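Work through the exercises below with the sequence and the 3D structure in view. Try each task before reading its solution.

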Amino acid sequence: MTQSQGWAAQNATTPLAPYSFTRRDPQAHDVVVDIDYCGVCHSDIHSTRNEWKNAIYPMVPGHEIIGHVTAIGSAVTKFKVGDLVGVGVIVDSCRTCSSCKAGEEQYCEVGMTTGGITLTYGAYDKYGELTQGGYSTNIVADEHFVHRVSPKLNPAGVAPLLCAGITTYSPLRHWNVGPNMKVGVVGLGGLGHMALKFAHSFGAHVVQFTTSESKIADAKRLGADEVVISKDTDAMKKQENTFDFILDTVSAPHPIDPLITALKRDATYTQVGLPDTPPVIFTGNLLFKRRNMSGSIIGGMAETQEMLDYCAEKGITSDIEMIGIGQINEAFERVVKADVKYRFVIDMKAGK
Ligand SMILES: [Zn+2]
Ligand SMILES: [Zn+2]
């Protein structure tokens, strides 16, 4: 067994606290990773507080993991000891269904059960063990779900790419965002700020939708060509029928119809946030312009590697605030208040 020291939630209401546990010995295809950095995703808070009603305790959260390989199984071919690597939201899938074979493991047909998608934390893996995430000293994962990370980039800023990065990169690529397209980004948080960077980098004309005038300057710095205050009905009216694609990153309930009417005929609205109450949509706004409504979660393993390689080539990382693990409970409170620019990353070597 591999000894690990993490910070865990023991139930939905008490703060995270130190927790010792073991991980499996590396199997033939496993990589042992000594964790350097872990991003703090809003999902970590929803999960540890059981806001999605599926929590299994004790729970060590964290699925934006960067570290170094310290040991490899006998059949590992992708990595050697010392490599800088990343682990994201999932650590296994069935590998045999049509989605897995298409490299879209996140849509594994077996679903989130043992033998299907295995979440990096808070799930039972095929060995029957409870997975534990990256707020810890190490992780053991199958090489197929581990990614190469270029040492050219600041590794702490790479950590959030494993969730916030791929969650926005994948739909922008899927819907072929590029030059001569007008693209909207709704919300400017951990996901939104990565969407701005990618859409700008792909050559689109990028428009940030926000409810807050205080975000205008930052949105422009991050890649927005224009900023539209979505509460301003006159400003929204001017945007009608002009967008080729809109990516909605907001996970709080919010009005979607005015944003859908901003789309051109045949254009697509994609949601990557998951509001806990379903949005009310006037379907006429879809029908009369043949507009599309879609959703997306993270990305496949090959696409995650493609995204990391793209970021290395273009020098793209997340804007982060670094903390020690001892500050994690305070950081959770600030994430809930959206008081972070734009992602907390835990320096797992810093101690506190
Ligand atoms: Zn996440
Ligand atoms: Zn599958």
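The exercises go from the zinc site to a helix and then to unusual backbone angles.

This is a predicted model, in which local features need pLDDT of at least 70 and side-chain atom pairs count only at pLDDT 80 or more, while totals for chains, interfaces and linings use all residues. Residues are numbered from 1 along each chain as its sequence is written, chains are lettered from A and ligands numbered from 1 in the order in which they are written, and side-chain values use heavy atoms, with hydrogens and water left out.

**Exercise 1. The zinc site**

Task: Find the protein donors of the zinc ion (ligand 2) and state their arrangement.

Solution:
1. Donors are N, O and S atoms within 2.8 Å of the metal (3.2 Å for Na, K and Ca); water is not among the atoms, so sites may look incomplete.
2. The SG atoms of Cys94, Cys97, Cys100 and Cys108 serve as donors, at 2.3 to 2.4 Å from the zinc ion.
3. Along the chain, the donors have the spacing C-x2-C-x2-C-x7-C.
4. Four donors count as tetrahedral if all angles lie between 85 and 135 degrees. The angles here are 105 to 119 degrees, so the arrangement is tetrahedral.
5. Buried means under 20% relative accessible area, exposed over 50%, and partly exposed in between (1.4 Å probe, protein chains only). Cys94 and Cys100 are both buried; for Cys100 the relative accessibility is 8%.

**Exercise 2. Disulfides**

Task: How many disulfides are there, and how far is Cys38 from the nearest cysteine sulfur?

Solution:
1. A disulfide is a pair of cysteine sulfur atoms within 2.5 Å.
2. By this rule, the count is zero.
3. Cys38 is in no disulfide, and the nearest cysteine sulfur, that of Cys41, lies 9.6 Å away.
4. Cys38 is buried, at a relative accessible area of 0%.

**Exercise 3. One side of a helix**

Task: Which residues of H11 are buried, and what covers them?

Solution:
1. Helices (H or I, at least four residues) and strands (E, at least two) are DSSP runs, numbered from the N terminus.
2. Ile328, Ala331, Phe332 and Val335 are the buried residues of H11. They cover an arc of only 105 degrees around the axis, so they are on the same side of H11. The arc is that of the directions from the helix axis to the C-beta atoms.
3. An α-helix has 3.6 residues a turn, so residues three or four places apart point the same way.
4. The cover includes strands E1 (2-8), E3 (30-40), E16 (320-323) and E17, along with H1; contact means heavy atoms within 4.5 Å.

**Exercise 4. Unusual backbone angles**

Task: Where are Pro58 and Tyr342 found, and what is phi for Asp266 and Ile298?

Solution:
1. Most residues other than glycine have a negative phi, and most peptide bonds are trans.
2. Tyr57 and Pro58 are joined by a cis peptide bond, with omega about -5 degrees. Pro58 is in the loop between H1 (42-48) and E4 (65-72).
3. A cis bond also runs from Lys341 to Tyr342, with omega near -15 degrees. Tyr342 is in the loop between H11 (328-336) and E17 (343-347).
4. Asp266 has a positive phi of about 70 degrees. Its place is in strand E14 (residues 263-271), and Asp266 is partly exposed, at 30%.
5. Ile298 has a positive phi near 25 degrees. Ile298 lies in the loop between E15 (292-295) and H10 (301-314) and is buried, at 11%.

Technical notes
Tetrahedral: all angles 85-135°; square planar, octahedral: opposite > 155°, others 65-115°.
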